[in-house]
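Colleague: I would like to go through one model with you, question by question. Please explain each term when it comes up.

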Amino acid sequence: MAVDCDTLAKVLALELKKGCRDTAVVGGLDKFLFNWLKENPHARRDLIPSFPTPSVSGKAGYASLPVNRRKAWLEEFIQALQQTVQDVAVVPAPGAAVPSPRRPKKPTAAVATAGLDSPVSMLKGISTSLAEKLSRLDVKTIRDFLYLFPHRHLDYSHLKTVSQLTEGQEETVIANIWETRRINIKGRPSTEAVLGDSTGNVRAVWFNNPYLARQLGPGKEVVLSGRVRYFGGRPVFESPDWELYEPGEGFTHTGRLVPVYPLTRGLFQRQLRKLAKGIVEAYAPLVTEFIPQNIIRRNNMLGADTALLQAHFPDDPILKDRARFRLAFNELFLLQLGVLQKKRSWQINRTRPIPTDNTLLKVFLGNLPFELTGAQKRVMKEIFQDLAADIPMSRLLQGEVGSGKTIIALAALLNAVAAGRQGAFMAPTEILAQQHFKAMTGLLGRVFEPVESDDFLASFTLPGGTVLQVALLTSDIKNSTKKNIKTSITAGATRIIVGTHAIIQGEINFADLALAVIDEQHRFGVVQRQALREKGDNPHILVMTATPIPRTLALTLYGDLDLSVIDELPPGRQIIKTRWLGSGERYKAYNFIRRQVGEGRQVFIICPLVEESDSLQAKAATVEFEHLSSEVFPNLRLGLLHGRMKAAEKEAVMRRFYQGLMDILVATPVVEVGIDVPNATVILIESANRFGLSQLHQFRGRVGRGQYQSYCILIAETASETGAERLKAIEELHDGFKLAEKDLELRGPGEFFGTRQSGLPDLKMAKISDRALLETARREAIAVFEKDPDLSLPQHACLRAELLRTWSGDKAERS
């Protein structure tokens with residue numbers, strides 16, 4: 001009969017590596033040797049260096065040796081193995097590296113028939129009801145389950161004896177059950193057990209779990225993991241995780257780094273953990289290794305299957321981190337490759353260049369009532385260079401509110417008009433489209449001679465006698481007027497069209513669309529951008545955002561776009577005075593608001609962030625609105641704006657506030673990218689510690705649009721250390737890009753800027769705040785792309801398939 005010397009040798013080498021502290025295996029080396037000898041009856045007893053026979057009864061053994069003698073004993077044992085075992089290769093030499101991480105076993109034929117894209121309901125033990133619950137976690141296929149990662153791990157790997165238990169710590173013990181009984185604790189049926197090892201006894205209590213009394217019968221040996229408390233000087237485990245101790249079997253719920261998964265109603269942690277262990281071990285080997293081997297070797301990464309296993313059930317913290325690195329690299333690498341290919345697919349078809357009309361540009365810029373900043377001039381040069389090329393522009397223009405993005409966009413649109421072509425400007429909401437139309441026609445009227453103007457149409461005479469017609473196209477325009485505008489667009493008479501998504505509707509036909517400008521990029525995905533492109537002969541596209549995004553993050557989220565940044569505000573731009581008040585000082589804020597309204601100003605009040613639920617947000621906002629209207633500001637005119645309102649209702653409320661028919665607008669965070677109200681001078685943000693820095697900065701940007709000094713008041717309860725740091729930062733910093741960097745540092749990108757709203761494949765493991773990893777993934781992706789942009793080489797076949805799978809279907813729709 002074969003003797004398992006391989007396991008023995010690995011355990012001995014690991015114990016030596018760990019400094020001879022009796023921590024290589026759960027239960028200690030004595031217990032391991034005791035069980036090993038029982039399981040390997042044909043093993044030679046004289047292989048074990050002399051000391052009294054290993055025992056779990058507390059007699060002399062390895063545990064009783066001083067550390068310096070343990071090392072000598074281990075080295076003697078390993079040497080004896082090397083001399084007597086025929087297959088010497090399985091025995092590591094003293095000081096050898098720790099054995100390689102566990103890898104999933106090869107799949108059986110039965111497993112292979114299911115396939116990664118098979119529904120989870122095909123798996124044994126997953127009923128239709130359970131499959132429905134899993135679907136609420138976005139787990140529909142076996143592949144989905146593999147990538148349902150734990151959001152944290154409990155460290156139950158520190159095995160102790162009962163006598164070593166410490167109060168308040170997460171501890172693990174292996175003990176025999178002496179007694180189990182059902183008890184009532186404050187009327188709650190529960191289970192109590194008394195357990196012990198050779199060093200003492202411990203009590204365990206499971207609240208509201210009376211059924212455990214049947215499962216945990218006396219005489220069974222179990223592993224307990226959990227937090228320990230002391231009552232009357234005796235240790236007690238309170239509702240610990242547990243499992244039966246089976247020597248040679250890996251632990252699932254105890255004695256290791258234990259995964260904690262996201263749950264939904266009707267799913268339980270032990271149930272999901274057990275399912276995950278079986279599925280990951282069986283199906284991880286089916287995952288295709290799509291990253292080229294030279295990249296894996298260069299970055300010292302785990303294999304794909306090993307990374308999945310270690311991400312769910314890591315052997316140790318180091319392997320957990322290595323697994324996260326590999327899986328995060330996968331996501332960022334595929335993301336970068338995808339945006340590089342998307343950019344190439346848009347630019348592979350040539351377009352007609354738009355030559356720069358320096359005469360018109362000089363007249364326009366020279367007659368503006370202000371001088372462009374250095375940043376505006378630099379950005380304008382980048383954009384006009386793009387327009388003059390036959391490769392269609394795909395550029396992102398970043399700039400804070402008030403930095404002058406609209407001037408740059410208007411100059412580019414005028415250049416398209418000078419070439420005899422058309423330009424379109426698309427805003428996310430109707431009121432913003434109206435404001436942009438008013439701002440653009442106002443600027444044009446300062447420079448060029450107006451011909452006619454109304455709420456939807458304006459005409460101007462350009463140098464040389466050309467008539468420029470600018471139209472506003474939104475859904476609330478009368479059908480007769482809309483029909484006339486559409487006809488004019490089709491005929492080419494209307495040269496600049498300002499509107500919302502209505503611009504890309506099928507019945508709108510441009511005569512010759514050369515340039516499309518999209519404001520607030522994150523409101524529009526690739527589907528809308530592509531529809532806009534199809535309105536012309538592969539037109540140039542300029543997208544703009546007032547959301548400051550750190551460069552590293554922007555290169556990831558918008559890697560398909562070239563990046564321009566207006567990082568300089570015009571001189572004289574007022575600083576919005578910002579102050580953080582405790583909840584007990586709210587009355588000061590209310591008194592200040594009354595004074596400001598008394599002077600004719602208007603105010604925003606942002607309701608607390610409850611959670612990501614429009615219905616709860618709406619309810620909270622309504623309650624706050626009623627409280628403020630009846631008890632705090634009964635003599636003022638208040639309006640309410642929340643996410644559950646229909647678009648037309650929102651537009652009506654914002655319009656009334658814009659027209660000065662309300663003193664105070666109470667709103668949920670939907671106002672973040674909102675209206676320009678020059679008369680609004682105060683924004684009060686409740687529960688400000690719940691928002692990120694970038695969002696707070698966006699809120700602050702709702703005021704300070706006019707001539708009056710403006711204020712941002714932050715109301716917050718006692719904040720956490722990180723929350724307090726955020727609030728201090730927003731008080732002191734007014735540069736949006738510096739705040740964005742700080743926000744990314746404090747919160748990470750998941751909260752800073754969700755990938756769903758940016759339209760990229762979901763990131764389950766990657767943190768874009770990890771710049772080193774992001775740059776590594778980007779560098780490797782660029783190297784592959786430059787060598788093989790179509791991924792047509794044989795060694796990239798698996799990578800090409802994975803890229804298509806990742807960017808296909810609804811993921812692409814979101815982008």
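Colleague: Does Glu802 count as buried or exposed?

Modeller: This is a predicted model, in which local features need pLDDT of at least 70 and side-chain atom pairs count only at pLDDT 80 or more, while totals for chains, interfaces and linings use all residues. Residues are numbered from 1 along each chain as its sequence is written, and side-chain values use heavy atoms, with hydrogens and water left out. Buried means under 20% relative accessible area, exposed over 50%, and partly exposed in between, with a 1.4 Å probe and protein chains only. Glu802 has 11% relative accessibility, so the residue counts as buried.

Colleague: Which helix holds Glu802?

Modeller: Helices (H or I, at least four residues) and strands (E, at least two) are DSSP runs, numbered from the N terminus. The run from 797 to 806 contains Glu802, and that run is helix 28.

Colleague: With which side chain does the side chain of Glu802 make a polar contact?

Modeller: A polar contact is a pair of N or O atoms within 3.5 Å; within protein, one must be able to donate a hydrogen and the other to accept it, and residues adjacent in sequence count only if both atoms are side-chain atoms. Contact in general means heavy atoms within 4.5 Å. Not counting residues up to four places away in sequence, Glu802 touches Arg143, Phe290 and Leu334. The polar contact, at 2.7 Å, is with the side chain of Arg805.

Colleague: Which helix gives the most to the largest nonpolar core?

Modeller: A nonpolar core is a set of buried Ala, Val, Leu, Ile, Met, Phe, Trp, Tyr and Cys residues joined through side-chain atoms within 4.5 Å. The largest one has 62 residues, of which Ile126, Leu134, Phe145, Leu146, Phe333 and Leu337 touch the most other members. Several helices each supply at least two residues of this core, including helix 5 (128-135), helix 11 (317-347) and helix 28. The most, 12 residues, comes from helix 11.

Colleague: How many residues are in the second, separate core?

Modeller: Members of this second core include Leu387, Val447, Leu472 and Ile566. The core has 48 residues.

Colleague: Which are the edge strands of the sheet with 9 strands?

Modeller: Two strands pair if DSSP finds at least two bridges between them. The order in this open sheet is 11-12-13-14-10-15-16-9-17, with mixed pairing. The strands that pair on one side only are strand 11 (449-453) and strand 17 (562-566).

Colleague: What angle does helix 13 make with strand 17?

Modeller: Axes are lines fitted to C-alpha atoms, for helices over the stretch in contact, and angles run from 0 to 180 degrees between N-to-C directions. Helix 13 (residues 374-387) packs on the sheet and touches strand 9, strand 15 (513-519), strand 16 and strand 17. The angle between the directions of helix 13 and strand 17 is about 155°.

Colleague: Which residue is the bridge partner of Leu396 in strand 16?

Modeller: Strand 9 (residues 394-399) and strand 16 (residues 540-545) run parallel and are joined by 5 bridges. The partner of Leu396 is Val543.

Colleague: In the sheet with 6 strands, what is the pairing?

Modeller: Strands of a sheet pair through backbone hydrogen bonds, either parallel or antiparallel. The order here is 18-23-22-19-21-20, and the sheet is open. One of its pairs is strand 18 with strand 23 (residues 711-716), joined by 6 bridges. The pairing of the sheet is parallel.

Colleague: Which residue in strand 23 stands opposite Thr578?

Modeller: Strand 18 and strand 23 run parallel. Opposite Thr578 stands Cys712.

Colleague: What is the phi of Cys20, and where does this residue lie?

Modeller: Cys20 is in the loop between helix 1 and helix 2 (28-39). With a relative accessible area of 3%, Cys20 is buried. Although Cys20 is not a glycine, its phi is positive, at about 60°.

Colleague: What percentage of the residues of the protein count as buried?

Modeller: The protein has 29 helices and 23 strands. Among contacts between residues at least 6 apart in sequence, 71% join residues at least 24 apart. Of the 815 residues, the part that counts as buried is 53%.
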